[in-house]
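Here's a quick walk through one protein model, written for someone who would rather be at the bench. Have the 3D view open as you read.

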Amino acid sequence: METTKIGWIGLGKMGIPMSQSLIKAGYPVVVYNRSKQKEEGLKASGAGVASTPAALIQQADVIILMVTDDKAIDDIFKGDDGLLGAGADGKIIINMSTVSPAISREMAAACAEQGNQYLDAPVSGSVKQAEEAQLVIMAGGDEGTFEKVKPILEKIGRLALLAGNTGAGNTAKLVINTLLGIQAQGLAESFVFAQQNGIKNTDLITLINNSALGSPFIKIKGEALVNNNFNAMFSLSNIAKDLRLAKDIGLSTPLAEVAYQTFQDAEPVLGDEDIIAVYKQLSI
């Protein structure tokens, strides 16, 4: 039985399987989520439940966040009954959300003032990888702090790598998700082009998967296109948000600019669907 007490904040599509991996690994886990209904499944798996982030930080040694955006992070740290309002010290806070490097630097400084340590450690991978504890984790922050929590991160992912100082994990994630957006648009465009020239979807994806271009992402999203399955595993609104964050820190290369604009244009109608629903935008 592991003795490090873990507090988990954020029980979305990724947060639930990630926190369950820690419970399965034997860690005592206490959770907090704004939507209380989502806490029930974790409670049934053996997790404790905290009423607020402030209550949670008092019960845990390591606190992990997996939420949507900068606003959610700001609320969790600085809102009523937030993490900073608890006045706790000696804690390690790991922010695994895909957010801006700037908010990580802000929260790291605020944590340090109270005697706590902060890591940004977003993940690459979707729900399937979260369920199988096969995520790739990129971290930013103090090396000693990272080494302390690396065994915990390795129960969630197949690779945990320190990319640099505070904010470096966030930056690396935005770089990777820029490539993700470009790949999704490229795959969608190839389907549109093939259809315009009489190539069957099933034949196209068979050829791609057996070529040097084949990859897990192409296979999964190609099958989604063949089956007209646009249920969100990673929503189009999330990639649109991530590309905005990337643009905020200087993204300006040609392909990325095109992907940025395509996903911004698609978001109002297709935001709740999967990233590969960009195909619908390109088919108009």
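What follows is a short tour of charges, contacts and backbone angles in this predicted model.

**Salt bridges**

Let's start with the charged pairs. How many salt bridges does the structure hold? The count comes to 11, and three of them are set out here.

| Salt bridge | Closest N to O distance |
|---|---|
| Glu39 and Lys36 | 3.1 Å |
| Lys241 and Asp242 | 2.9 Å |
| Glu267 and Arg244 | 2.8 Å |

Take Glu39 and Lys36, whose side chains meet in a salt bridge. Glu39 has a relative accessibility of 4%, so it counts as buried. Its partner Lys36 is at 36%, so Lys36 counts as partly exposed.

For the pair Lys241 and Asp242, the story is simple: both residues are buried.

Now for Glu267 and Arg244, which bridge at 2.8 Å, N to O. Glu267 sits in helix α12 and Arg244 in helix α11, so this pair ties together parts that are 23 residues apart in sequence. As for cover, Glu267 is partly exposed because its relative accessibility is 21%, with the cut-off for buried being under 20%. Arg244 also has a value in the partly exposed class, at 30%.

Some salt bridges share partners, and in this way Asp74, Lys78 and Glu106 are joined into one network.

**Tyr260 and its contacts**

Stay with helix α12 for a moment, since Tyr260 is found there too; the helix covers residues 254–270. Is Tyr260 buried or exposed? Its relative accessibility is 17%, so Tyr260 counts as buried. Setting aside neighbours within four places in sequence, Tyr260 is in contact with Leu243, Arg244 and Lys247. Arg244 is the residue that also forms the salt bridge with Glu267. There's a link to another part of the chain as well: Gly181 is 79 residues away from Tyr260 along the sequence, yet their C-alpha atoms are separated by 7.9 Å.

**Ser21, Ala133 and a positive phi**

Next, look at helix α1, residues 15–24, where you'll find Ser21. Ser21 has 10% relative accessibility and therefore counts as buried. Which residues is Ser21 in contact with, leaving aside its neighbours within four places in sequence? They are Ala130, Ala133 and Lys155.

Ala133 deserves a look of its own. This residue lies in the loop between α6 (127–131) and β8 (135–140), and at 17% relative accessible area it is buried. Most residues other than glycine have a negative phi. Ala133, though, has a positive phi, near 55 degrees.

Asn228 also has a positive phi, near 50 degrees. Asn228 is in the loop between α10 (216–226) and α11 (236–248). What sets its cover apart from that of a buried residue is its relative accessibility of 56%, so Asn228 counts as exposed.

**A negative patch**

Finally, turn to the surface. Which residues gather in a patch of negative charge there? The group is made up of Asp142, Glu143, Glu147 and Glu154. Glu154 has its place in the loop between α7 (143–153) and β9 (157–164). With a relative accessible area of 42%, Glu154 is partly exposed. That value also fits the patch rule, because patch residues need over 30% relative accessible area.

Key
Residues numbered from 1 in each chain as written. Predicted model: local features only at pLDDT ≥ 70, side-chain atom pairs only at ≥ 80, totals over all residues. Heavy atoms only, no water. Patch = residues over 30% accessible without salt bridge, like charges linked within 9 Å, V, L, I, M, F, W, Y side chains within 5 Å. Areas by Shrake-Rupley, 256 points an atom, 1.4 Å probe, with all protein chains shown as cover. Salt bridge = Lys/Arg side-chain N within 4 Å of Asp/Glu carboxyl O. Lys, Arg positive; Asp, Glu negative; His and termini not counted. Charge placed at Lys NZ, Arg CZ, Asp CG, Glu CD. Helix = DSSP H or I, 4+ residues; strand = E, 2+ residues; numbered from the N terminus. Buried < 20%, exposed > 50% of the residue type's maximum accessible area, 1.4 Å probe, protein only. Contact = heavy atoms within 4.5 Å.
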